[in-house]
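Colleague: Could you take me through this model and show me how its labels are earned? I'd like to see the cut-offs next to the values.

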Amino acid sequence: MNNILEFLEAAAVRLPDKTAVIDETGTCCWRQLLQSSQSAGTALAARVPPRTPVPVLIEKGRHALSVFFGAVQAGCFYVPLNPALPEARLRQVLDVLDAPVIVTDRTNQPLAARLFPASDVMLAEELIRTPSNLTALARIRAGMADTDPLYCLFTSGSTGTPKGVVISHRSVLSFIPAFVRLSGIGADDVIGNQAPFDFDVSVKDIYAALYTGAALAVIPRRLFSQPAALMDYLCEHRVTSLTWAVSALCLVSALHGLDYRTPDTVRRVLFSGEVMPPAHLRRWMQALPHADFVNLYGPTEITCNCTYHRIERENEYAAGLPLGNAFPNARVFLLDGKGQEVTRPDEVGEICVGGAGLALGYYNAPEQTAQAFVQHPCNQRYMERIYRTGDLGRYDAQGRLYFCGRRDFQIKHMGHRIELEEIERAAAALPGAEQCCCVFDERKSRLHAFYTGTAESAALYEQLSRQLPVFMLPRTLERLEHMPLTANGKADRRRLLAIARRETT
């Protein structure tokens, strides 16, 4: 295989009338999903050349998927945009892409017109009704390679500008079959999609469904603030498989959703995004005594995940959950500060990854790409590209890998990777704010921000909420007369964290 569309075409041949996608507005079968993608691809191919980014501003669901695969039919790559994000954030992404078109639906057309006034706004409803030209699409496919980009997902950037991680067909074609084998997902499964489509957790949902023919149940975003309604949804749709961010699982257990109703059709729960709190894991395992639980690890830059660990129910995990074994076609190892591989137990090093899952790089950001995707320092004989995650890890005496925090100020919060500097830059750029420093309390998984200036904290917070996504907003925003500094003149993050912990206890 050299193109992800082969997954979709195989599903449409094997299971043409089986339900493929369920969303709030209805369902579609595999044959319909293929046909709608061919229609959208025909329309897009008339407007944009191959290997062009196609931003898609649509709430997650079957129409979004039709456009995603339509972009691929046209030889392009899709960029999911979440309509719930602040307009300032969406504009940043569009500025980086500089794309000739944006695809949206009638619901979000006014927003797209504001964001994209000088370019071509295309409607999904019209694209999927376009008569398909299979000859033209076949000609485009013949000119494609498995190293062509498939999608681009934007993550937080330390410069204040989001970074677009570009993933190729080859990477997904390598990862998904291994993920399916290890998870046990099959055609009889119903995958309960939690993650927004602009978050890489959703990649596993989408392409595991494509590869196996499983049904993809796209859970409405609003239900994740209504635990009882969410449990009703899982039960009524007989969902069997959850690949969710840790924060979503914790939300359900913290708000006693599992006490209301048990989704007993669920037979596997795979989680990632941050460290799973033991108490929440126990609640889920008690509620689903026959389900498999798997801890997944990996940043967006390596195509979803590079390690996995199956939870052993009899294990107390006193030392925490291990990150586990490497996925097939992934090489996971530790490097010390001198660029040498770490092999001794309990010696901490940076987690690095090589293999087929590596991203093509960051879109339109060659300097950032060169910093993160580098030649393996231990290999001077041939090109061996690796990704430096910035995460720290260690091995125990049995050779199991454990997470040990971040090398820099990038953190994981609510399942998202966040650069603290991005929050600081956004706050410091607002009227009445002079200096800002953000700290993260890992014990309670809370963001706290401090600033100097004349702005009132409530007004500053309201302005910040229009600039940043919800998951990047600090829990507290406190004005200081003077920013505490270290001996070398930098903001003293340890003192600020102590203040935050003292004031929130």
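Modeller: Gladly! P227, L230, M231, D232, Y233, L234 and C235 of helix 10 are buried, a word that stands for under 20% relative accessible area, with exposed over 50% and partly exposed in between (1.4 Å probe, protein chains only). Helices (H or I, at least four residues) and strands (E, at least two) are DSSP runs, numbered from the N terminus. Keep in mind that this is a predicted model, where local features need pLDDT of at least 70 and side-chain atom pairs count only at pLDDT 80 or more, while totals for chains, interfaces and linings use all residues. Residues are numbered from 1 along each chain as its sequence is written, and side-chain values use heavy atoms, with hydrogens and water left out.

Colleague: What makes helix 10 mostly covered?

Modeller: Seven of the ten residues in helix 10 (residues 227-236) are buried. Their cover includes strand 1 (19-23), strand 10 (215-218), strand 11 (241-245), helix 11 (246-254) and helix 12 (257-260), where contact means heavy atoms within 4.5 Å.

Colleague: How do you know whether P55 is buried or exposed?

Modeller: P55 has a relative accessible area of 0%, so buried is the right word. P55 lies in strand 3 (residues 53-57). Setting aside neighbours within four places in sequence, P55 is in contact with V79, L81, L94, L97, A99, V101, I102 and V103.

Colleague: And Q38, buried or exposed?

Modeller: Q38 comes out at 15% relative accessible area, so Q38 counts as buried. Q38 is part of helix 2 and, not counting residues up to four places away in sequence, touches Q73, S132, L134 and L137.

Colleague: Helix 2 also packs with helix 7. What do you call the way helix 2 is set to helix 7?

Modeller: Two packed helices are described by the angle between their axes and the distance between the axes. Axes are lines fitted to C-alpha atoms, for helices over the stretch in contact, and angles run from 0 to 180 degrees between N-to-C directions. Under 35 degrees counts as roughly parallel, over 145 as roughly antiparallel, 65 to 115 as roughly perpendicular and the rest as oblique. Helix 2 (residues 30-45) and helix 7 (residues 134-142) pack at about 75°, with axes 10 Å apart, and helix 2 is therefore roughly perpendicular to helix 7. Q38, G41, T42 and A45 of helix 2 make the contact with L134, L137 and I140 of helix 7.

Colleague: Why are helix 1 and helix 9 called oblique?

Modeller: Helix 1 (residues 5-14) and helix 9 (residues 201-212) pack at about 45°, with their axes 7 Å apart. Helix 1 and helix 9 are therefore oblique to each other. F7, L8, A11 and R14 of helix 1 meet Y207, L210, Y211 and T212 of helix 9. By class, this contact has six nonpolar, one polar and one charged residues; Ala, Val, Leu, Ile, Met, Phe, Trp, Tyr, Cys and Pro count as nonpolar, Asp, Glu, Lys and Arg as charged, and the others, Gly among them, as polar.

Colleague: What is the verdict on helix 11 and helix 13?

Modeller: Helix 11 and helix 13 (residues 278-287) pack at about 70°, with axes 10 Å apart, so helix 11 is roughly perpendicular to helix 13. L249, C250, V252, S253 and A254 in helix 11 meet H280, R283 and W284 in helix 13.

Colleague: What is noted about the phi of D346?

Modeller: Most residues other than glycine have a negative phi, and most peptide bonds are trans. D346 has a positive phi of about 65° although it is not a glycine. D346 sits in the loop between strand 16 (330-335) and strand 17 (349-355), and its 53% relative accessibility makes D346 exposed. S445 has a positive phi too, of about 55°, and at 30% relative accessibility S445 counts as partly exposed.

Colleague: Lastly, how do you know that the charged end of R331 sits over the ring of F333?

Modeller: The rule asks for NZ of Lys or CZ of Arg within 6 Å of the ring centre and within 35 degrees of the ring normal. The charged end of R331 sits over the F333 ring, 4.5 Å from its centre, and that of R394 over the Y402 ring, 4.7 Å from its centre.
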